[in-house]
Structures are given as structure tokens and as C-alpha cells.
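Let's take a walk through this structure together, one piece at a time. Have the sequence and the 3D view open while you read.

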Amino acid sequence: MTVKGTVFKYGDNVDTDVIIPARYLNTSDAAELALHCMEDIDASFVKRVRAGDIIVANRNFGCGSSREHAPIAIKASGVSCVIAATFARIFYRNALNIGLPILECPEAAAAIAAGDAVSVDIATGVITDITTGATFQSEPFPPFMQQLIAAGGLAPYMAAQQRTVD
Amino acid sequence: MSMTQTQKILARHARLDAVRAGQLILADLDLVLGNDITAPVAIREFGKFGKAAVFDRDKVALVPDHFTPNKDIKAAEQCACLRAFAREQAITNYFDVGRVGIEHALLPEKGLVTAGDCIIGADSHTCTYGALGAFSTGVGSTDMACGMATGQAWFKVPSAIRFVLEGRLPQHVSGKDVILHIIGLIGVDGARYQSMEFTGPGVAALSIDDRFTIANMAIEAGAKNGIFPVDNQTRDYLREVGAREPVIEAADDDAVYEATHTIDLGSLRPTVSFPHLPSNTRTIDAVGEVKIDQVVIGSCTNGRLSDLRIAAEILKGRTVAPHVRVIIFPATQKIWLQAMEEGLFRIFVEAGCAVSTPTCGPCLGGHMGILAAGERAVATTNRNFVGRMGHVESEVYLANPAVAAASAVTGYLTDPATLETV
């Protein structure tokens, strides 16, 4: 699976409160959450984001609360992949559990600029900055995680596994 | 093989003799927790697993504490979803308004947590129970759903950082200052994916409430969990609340730590986290002139009876500065009743404070104390991110209850030791 889009670039410690402020957590509807994605760090994000776009950030992306609404909002806004130098651990689990591919790659996080066109091969972990021609290697996901992402998350993946067993 | 306290608990729950840092394990769970924000998503995901019933109706706790009493129609719908699921599944530990408290104060108080437990909660501050020698960690809604369905969760076994505590806390310095000092020291990702293991002779001098506050904010350093050794105070607490028989695990003498920090408790000062990161700490001596608009005393971090007593001691016979609003949130119904019976509410109300029913509301900018643009709050809560308590241009200063109460009186960030005697 390869994804491709324009980069939105952010710094260190992008927390879950700025990804989706708690004032919008009175719903768990993905489309509604997407309307407020990144609102407190980048008010223009929702207007500018297009299907396939990629978020690139520095250290500790997704720190703070356990709200799964954060990766849900990012995914529902059309973002195809998040690349960061490092991720906070609860966000990391949550993103994969809902089938949002996220890659740790400090080199890519440092080099890729806002507005660059970037493609990511989820199977191999190769990140290509189409604008500059640079490529970066992140650790590829093991096969089961690729299947989990393709299935759309842990729950549909487990349900499919269950059907296979039955 | 030598193991940390956390690794020993995880090994036992994975039914293994030993585990090592980095190993992936599947562990049995003693408790799975969710609240009115996270559980509705978990309930939706649970439906996709194709299971009719939760793995054990006594080992799931549903605590609608965030936007309750229902702040609006949408919040009411989320709580209704939780309530319907709790009834349908006959969940033993479901607590509705009038019985509910802030989850991380409530579950220990109800005796639902014991030493040696392995607990997940769809709330990042689930790490609080490490105060009692349990492994507990925050997860998302899908992990909660999986936990409810199977009674298990997968973990990557964490490595650990050790904090050797020595000495005793001085006056007006509490567990909050210990953890803010540590977060200032190692940063908001200083313990990312790791355990924070607190040990040393200073532990004995920390109350269980101080330990709750310290373990509660382990997540603010990025940690997977924070954990304390089990001592006589822990045993007494567990006995008093009627918790299950504890299983006491201690770190091996030769356990491996990625780093060791020695903290002299006696040298700590009241500490404040400035906007917009918990790691942005200054001692009270270096805060300068910070005029404030609101004070919030409460939350899963500092809403326990000892916190209210500290605030009351400072507010007794004094009044809140005219330009300041003070809202006090006892964390549970039991704490509320005890505070009332001790006469703390009279002190608060006569000083000019509002006293609320238990809720997480203002801590996360949900309801009951939202900040306008340009407003500043001193809060005994746990996060001061951009927009955390309201408008994106508002500011939150994290502090202990003594500093919060003293600041309420003067209207500026204040060292309680500098208040004039009354």
C-alpha cells in the first residue's frame, strides 16, 4: 500500500488537546470530530487538508490524553499517514488500533518541509520526498500489522480472524 | 533473571517466569476502566468483536465522570450509551451521578484496586494506581474494547527509570511538587514508554495521597506507568478500603534501570508549571508577578481529602481576592461528605469559593469553569497544554493545593509561606 499527499508540518509535543480539543469530545462521530482536527494548533488545517495528505512532526507527537478521538479525527480528516521523530505511546497504540499508519523516522521528520509532496510505501517503510527527491527508510511494519492497518483497525482485524477460525 | 517491580507484575499476569524489557506479552487483566468520553467509542468497537458479553462483569468499571452531570445534550447521549451498556451487561462497577467520583480517586476508594494488579483504563491517568503497587496504564478505546472482550491486553514490557527518594517534604511542599520537579528534570517525554519506579527511604514519609498524586502524573513524563513499593501504609490503606488480598512484588536488588535519579525531598520548593507544558517548571521563588483570574482545586491529581484540608488551612479566616474566582472539586462523594462534616465547606464558602459536585469538567476544558481569552488559572490539575481549560489564548499554571489557595487569596501566584498571619 502506497499513500501520497502534501505535508502539514508541526514541531515537538503536539498534544491530543490541540489535535482534538476536549470541548468537542461530547461526540464520538468521526466526521464531526474531523471538522475540528488540529484546531488549536492550526486553525486553517481543516480548510486546507485534502484526502491523502500527510502530517510530519518532530518529537513526542500525540502526548497527553488517551482519547482515541485524536487519531480518529486525523484519519477522518483524510490524512493518510503521520510521520514523526517519536510518538507518545498511547497515541501510537491508538493510531494503529484504528488503522491509521504512523511511522517513526527522525531523519524524515527533520528533513521534510511543509508543503512538500511525499509518498510512503507502508509495506517497505520507504518515505520519499517527491519535492526534493530525498528518500528515508523507516522500520517497516510486520505483516500482521500491515494486515491490521489494511483491515481498518484492531476490531475489524480481530473479527476477520475470528471468521477465519470459525 | 532480574526484574523491576513492574516487570514482575507483568510476568505473573502473562503467566511467565520472567520477562525482559522490549518483550511483547499478552497479559491477563484485573480491571478494565472507561469513562463517558472513551467508553462510548469502546462500546461501539466492542460490538465489532462479535462477543455477546464482557469477559467478567465484576472486572469492568464504567465511570461517567468527565462531562457529568451532563453538560449538554450530546454529553447526555454519551452517558446514556454508557448506562445502557452497563445495564445490558450487568456491569457491577458502574457509578452514576450521585454515586460517581473522579475515576482515579473513586476506584481505589471503592477497594477495586490492589497491589500487584494489572489494570488498563481508557484514560491516560490510569497510571495513578501505581501508588498502591499495581501496574496500571492508560490505553485508548479500542484497547479497552479488546480488554472487555477478552480480559487481556498486549504490552511491550517497559524498561525503567528509578527515582530514589530521600528525606522528608518541607512545609507547603507535597507530592505535586515532587512530580512537577521530576517532570521539569526529565521532560514531557523523559520517561516515554518506560516505567517510573519510585523507591528509597523517602517513600515511607510520603502519604498514600502524595503517592497517588505522583503516580498520577507519570504520564506527563510520557511514562507507561509509575509505581511505588508496598509498605505498611499501603497495607493499611488496602485493608481500610476492603481491597482484595494484595500480591506484593518488589524489584530485584540487581534490577536494571536505564537511569537513576536521587531526589532529596527536603530540598524541594513549591513548584509551578508555567504554560504550556508540565515540564516548564519554576520554583515558587522564581515565578515573578503573575496575576490570575481563576483557581481550580480538585481533579484526579489533587482532589482528595488531604488536598482540601491543605487548601482550607490556608483559606481559613482569609478571603479570595476580588478579581479571582475559585472553584473547589472534591474528587468523590465520600470525600465531599467528609469535607462537609469536617467543616471545610464553611471555610471555603466564607472565603468566597464555589464548591462543586465531583467532576473532571474544568480540568480538560469540558465545563464548570472554562477560561476566556487572556485569562489565567492556577490549577491543581495535571495538564497546561494550549487551550486545555478553555480558550486557546488562556493559560494554566499547575501547582499544589497550598500554592493554589494562597494565590486565590492574593490574586497572584503566591508562596503560601509569605501570607500574612490571620
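What follows covers the two sheets of chain B, then the interface with chain A.

Keep in mind that this is a predicted model. A bit of background helps with the sheets: strands in a sheet pair through backbone hydrogen bonds, in either a parallel or an antiparallel way.

Start in chain B with the open sheet of five strands, which reads S4-S3-S2-S5-S6 with parallel pairing. At its edges you'll find strand S4 (93-94) and S6 of chain B, each paired on one side only. To see how S6(B) is attached, look at strand S5 (residues 118-121) of chain B: the two run parallel and are joined by four bridges. One spot to click on is Cys118(B), whose bridge partner in S6(B) is Phe135(B). Helix H3(B) packs on this sheet, where it touches strand S2 (31-35), strand S3 (60-63) and S4 of chain B. The direction of H3(B) makes about 150° with that of S3(B).

Now move to the other sheet. Here four strands form an open sheet in the order S10-S9-S8-S11 (chain B), again with parallel pairing. Strand S10 (225-227) and strand S11 (259-264) of chain B are at the edges with a single partner strand each, so one side of each has no neighbour in the sheet. On average, neighbouring strands of this sheet are turned by 20° against each other, direction ignored. Strand S8 (residues 160-166) of chain B pairs with S11(B) in the parallel sense over six bridges, and there Phe163(B) stands opposite His261(B) in S11(B). Helix H1 (residues 5-13) of chain B lies across strand S9 (195-199) and S10 of chain B, running at about 110° to S10(B).

So much for the sheets; on to the interface. How many residues does each chain bring to the contact? Chain B gives 43 residues and chain A gives 37. Between them the two chains bury about 3,400 Å², with 52% of that on carbon and sulfur atoms. There's polar chemistry here too: 21 residue pairs are in polar contact across the interface of chain B and chain A, both residues being at pLDDT 80 or more. Which elements of chain B give two or more residues to the side that touches chain A? They are helix H2 (39-48), helix H3 (73-88), strand S6 (135-138), helix H5 (141-150) and strand S7 (152-156) of chain B. By type, the residues on that side of chain B split into 18 nonpolar, twelve polar and 13 charged.

Finally, the salt bridges: chain B and chain A share five. In a salt bridge between Asp17(A) and Arg388(B), the closest N and O atoms are 2.8 Å apart.

Methods. Residues are numbered from 1 along each chain as its sequence is written. Chains are lettered from A and ligands numbered from 1 in the order in which they are written. This is a predicted model: local features need pLDDT of at least 70, side-chain atom pairs count only at pLDDT 80 or more; totals for chains, interfaces and linings use all residues. Side-chain values use heavy atoms; hydrogens and water are left out. Contact means heavy atoms within 4.5 Å. Buried area is the accessible area (1.4 Å probe) that two parts lose on being put together, summed over both. A salt bridge is a side-chain nitrogen of Lys or Arg within 4 Å of a carboxyl oxygen of Asp or Glu. A polar contact is a pair of N or O atoms within 3.5 Å; within protein, one must be able to donate a hydrogen and the other to accept it, and residues adjacent in sequence count only if both atoms are side-chain atoms. Ala, Val, Leu, Ile, Met, Phe, Trp, Tyr, Cys and Pro count as nonpolar, Asp, Glu, Lys and Arg as charged, and the others, Gly among them, as polar. Two strands pair if DSSP finds at least two bridges between them. Axes are lines fitted to C-alpha atoms, for helices over the stretch in contact, and angles run from 0 to 180 degrees between N-to-C directions.
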